[in-house]
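Let's walk through this model together, one region at a time. Have the sequence and the 3D view open as you read.

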Amino acid sequence: MRETAAPALSARQPGAVHSALSVLEAVAHLGAGVSAQRISAELGLPRATTYRLVNLLVEDEYLVRTPDLAGFALGAKVAQLAAVASPPVRLSSAARSVVDDARRVLRGGVHVALYVDRRIVVVDSDPDFPLSDEARLAREPERFALGRLLLVEDPAATGEVIEAARADLARWGATRQSGEITATTGCLALPIRDGAGVLAGALAFSGARHRVDEPDGVLAQLRPAADALAPLMV
Amino acid sequence: MTALSRAIARPDPVAGFGHRSPLHGLGRRRIGIVDLAAQSVAAVAPAAAATTVVLLVAGVAPGITVPAIVAAAVLSLCVARTVGEFARRFAAAGGLYTYTARGLGTRAGLAAGAAILTGYAAVAMFALLGGGYYATYLLAGIWPALDRPLVTAGAVIVEAALVAFVLVRGIRVSARAALVVESLSVALIVVLLCVLLVSIGPVDVAAVIGARTAGGLDPVALAAGAVIALTAFVGFESATTLGVESISPLRNVPRAITGTVVLSAALYVLAAVTQVAGFDALGGDLAASASPVNDLAAAYGLGGWGVVADIGIAASFLACAIGTTTALVRVLFAMSRDGVLPASLGRAHRRFGTPAAAVGAALPVIAGVPLVLVGAGVPVRDAMHVTLSVGAAGYIVSYVLVCVAAPVFLRRIRELTPVSAVIAGLSACALAAALVAFFVDDAAAGGTAGVVVMVLAVTAAVLIGVLRRRHGLEAIGRYDEPVAAQVLGGVPSPRRHDDA
């Protein structure tokens, strides 16, 4: 069963959103380990309101409690808030020419993504074959080849989908998604690694499902492009 | 948003978080709120309780049965809110044991652990016996010549095997099994009660709320009735033991336990109104009936429904056995991870992520005691009465401790509010009074439950003393701490928890 992650927001309480952001700001300002009472004093909010807000933020993992349960630290999830504000990353013209060549020969969607703080940042989506649903990619990464590639790098990630993706990566050097979002299409994601071998981004292909089920043809053209991109991007 | 953007762009390293949770091994973040609620509802077994508790309450609080049940529901809601104060702040497999340990320290934590283990184990035994009793009762209807104790013993063994299977196979399987079985039995009972209520016709409101009782409201009878009704709610807190395995536990666990109390209360009030109004309309004495729902069904020409209700009750008992054993083994698991019990009990099943070692240790005891009782020739109803009374005492003791622990805990983390303190304090006092009333009532009725509880309490006290000396327990009450990866700039401290 999946839970909807977003809590119910009431339009009549815009102040609550503001207060929640202020609480996050206060924790960032005061540093990890700050208590709810200290936050309440810093912001001049009533205590009961502060306790309710911090507990809501902990439920959503924007805040985490320190092991003694009395203090708070920012959760890794707040990094997602930055995605909205961060300036778009752009490819260098050398990298762009590699991607354009790949798009010309492959006749399908070719996309470039970077992995920043365990988030997927789509740097260059194919204008002729755009990504199906970028918001969903951020929300449910395990349903996309791009997301699976990110998840298999995490040793703690388990589950059938992840195991299958690990097998794909071992066999093809790429993760796959075939017919799971729309029945007739699929996608492939090839890792782009930095000099130390750390996963930095991915070159992805989306297109007809049979080309993903039998990926040799696509991979033969995509792999040299990924290899050529790596030194130009990271 | 300067400080926040700076923190996101260049997070300061935050130390003190582990690489993995102290409760690693359990299948984390797997079950949603419906399964979570199913766990609590199954442990309460409202279908079985709805048909039995009204009669018991009517016995001590004639005329004010419905108000007594409402009073018990309000008290249970207050306890649920207090337990929720912990559940909103951290996820633990130890439930009330871990909560009390976090508030009042080692000794009280172990006492709450012993009490809640007694509660879960005794109620699991009660549920196995109850399932066996109803299975025998139903089989005897088809085949009157069978050897009843033998069939009951056989049913207990089959049930225990079933419980062991779903518990090891995975929390999803056991939660779903409990959900299906309990919804079925609740639906059966609700349909039967509604059909009865419609047959009875217009309800005399004054009779139901006790306004016609001679001499006005008797507070002592109301309290005595509420204490008995309270035992029909115990178990609602058991979803707390699935905190580690639940999705968004800090949000869902408090909702599940409050929802369980509300749902059970609605069912009990419906059952009480139906039975009180039914006997009022018939001019009969509810307290004198042996089986009010069956009597009413017969009186209103629904005789065949009695069997349906019995199937529902038998199913409810099985769900109750699954639910309470699920909670029990997680408390054992948590105690093992705390170093209180042998480390071998804290082993999780590699594939299914369930506390399999604890299941293996607990089930022989839970199935063994009912088998010995039945084998020794103790009538099943008497065995059920003793196990239920002992179990209820265990639950109430642990509730008292957790209600005392809550304000202390909230004060320590500097998040105590006056409302929380008042609710926890009143709950603790009311529960303590209920406990005393419970023992006085049991002693007056010549029950053996008081003796059993006394023996268990002395044993637990000795064990707690020994354990404290042997381990010098510094910090019990481990919970599912956030791991470094969940913290912005979190740096794992590799030595944390690797002893677990």
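B:R414 is partly exposed, with 39% relative accessible area. You'll find B:R414 in the loop that links α15 to α16 (418-444) of chain B. Keep in mind that this is a predicted model, so every angle and distance here is read off a prediction. The backbone at B:R414 is worth a look: phi is near 55 degrees, a positive value, and the residue is not a glycine. As background, most residues other than glycine have a negative phi.

B:R414 has company in chain B. B:R29 isn't a glycine either, and its phi is positive too, at about 50 degrees. This arginine sits in the loop between β1 (14-17) and α2 (33-44) of chain B. How covered is B:R29? With a relative accessible area of 31%, B:R29 falls in the partly exposed class, because that class runs from 20% to 50%.

Now go to B:E415 and follow its side chain across to the other chain. B:E415 makes a salt bridge with A:R65, and the closest N and O atoms lie 3.0 Å apart. In total, the rule finds 3 salt bridges across the interface of chain A and chain B. Polar contacts across this interface come to 9 residue pairs, counting those where both residues have pLDDT 80 or more.

Which parts of chain A supply the side that touches chain B? At least two residues each come from α1 (14-30), α2 (36-43), α3 (47-59), β2 (63-65), β3 (71-74) and α4 (79-85) of chain A. The largest share, 6 residues, is from α3(A). Sorted by class, this side of chain A has 22 nonpolar, 9 charged and 6 polar residues.

Stepping back to the whole interface, 37 residues of chain A are in contact with 37 residues of chain B. The area buried between the two chains is about 3,200 Å², and carbon and sulfur atoms give 60% of that.

Let's stay with chain A and look at helix α2, one of the elements on that contact side. A:I39 is in this helix. Is A:I39 buried or exposed? Its relative accessibility is 0%, so A:I39 counts as buried, the cut-off being under 20%. Leaving aside neighbours within four places in sequence, A:I39 is in contact with A:V23, A:A26, A:V27, A:V34, A:T50, A:V54 and A:F72. If you'd like a distance to check in your viewer, try A:I39 to A:S22: the two are 17 residues apart in sequence, and their C-alpha atoms are 9.5 Å apart.

A:S40 also belongs to helix α2 of chain A. A:S40 is buried, at 6% relative accessible area. With neighbours within four places again left out, its contacts are A:L45, A:P46, A:R47 and A:T50. A:T50 is also on the contact list of A:I39.

What about chain A as a whole? Chain A has 10 helices and 8 strands, and 46% of its 234 residues are buried. Take the contacts in chain A between residues at least 6 apart in sequence: 48% of them join residues at least 24 apart. The accessible surface of chain A is about 11,800 Å², with 54% belonging to carbon and sulfur atoms.

Back in chain B, helix α5 (residues 96-104) is mostly covered, with 8 of its 9 residues buried. The buried residues are B:L96, B:Y97, B:T98, B:Y99, B:T100, B:A101, B:R102 and B:G103. What do they pack against? Their partners are α4 (65-87), α6 (106-142), α13 (305-337) and α15 (380-412) of chain B. Right after α5(B) comes B:G105, with a positive phi near 95 degrees.

A last stop in chain B is helix α8 (residues 171-200), where you'll find B:V195. B:V195 is partly exposed, with a relative accessible area of 29%. Count 24 residues along the chain between B:V195 and B:I171, and you'll find their C-alpha atoms separated by 35 Å.

Definitions and conventions. Residues numbered from 1 in each chain as written. Chains lettered and ligands numbered in written order. Predicted model: local features only at pLDDT ≥ 70, side-chain atom pairs only at ≥ 80, totals over all residues. Heavy atoms only, no water. Contact = heavy atoms within 4.5 Å. Buried area = accessible area lost by both parts, 1.4 Å probe. Salt bridge = Lys/Arg side-chain N within 4 Å of Asp/Glu carboxyl O. Polar contact = N/O pair within 3.5 Å; in protein donor to acceptor, adjacent residues only side chain to side chain. Helix = DSSP H or I, 4+ residues; strand = E, 2+ residues; numbered from the N terminus. Nonpolar A, V, L, I, M, F, W, Y, C, P; charged D, E, K, R; others polar. Buried < 20%, exposed > 50% of the residue type's maximum accessible area, 1.4 Å probe, protein only. Areas by Shrake-Rupley, 256 points an atom, 1.4 Å probe, with all protein chains shown as cover.
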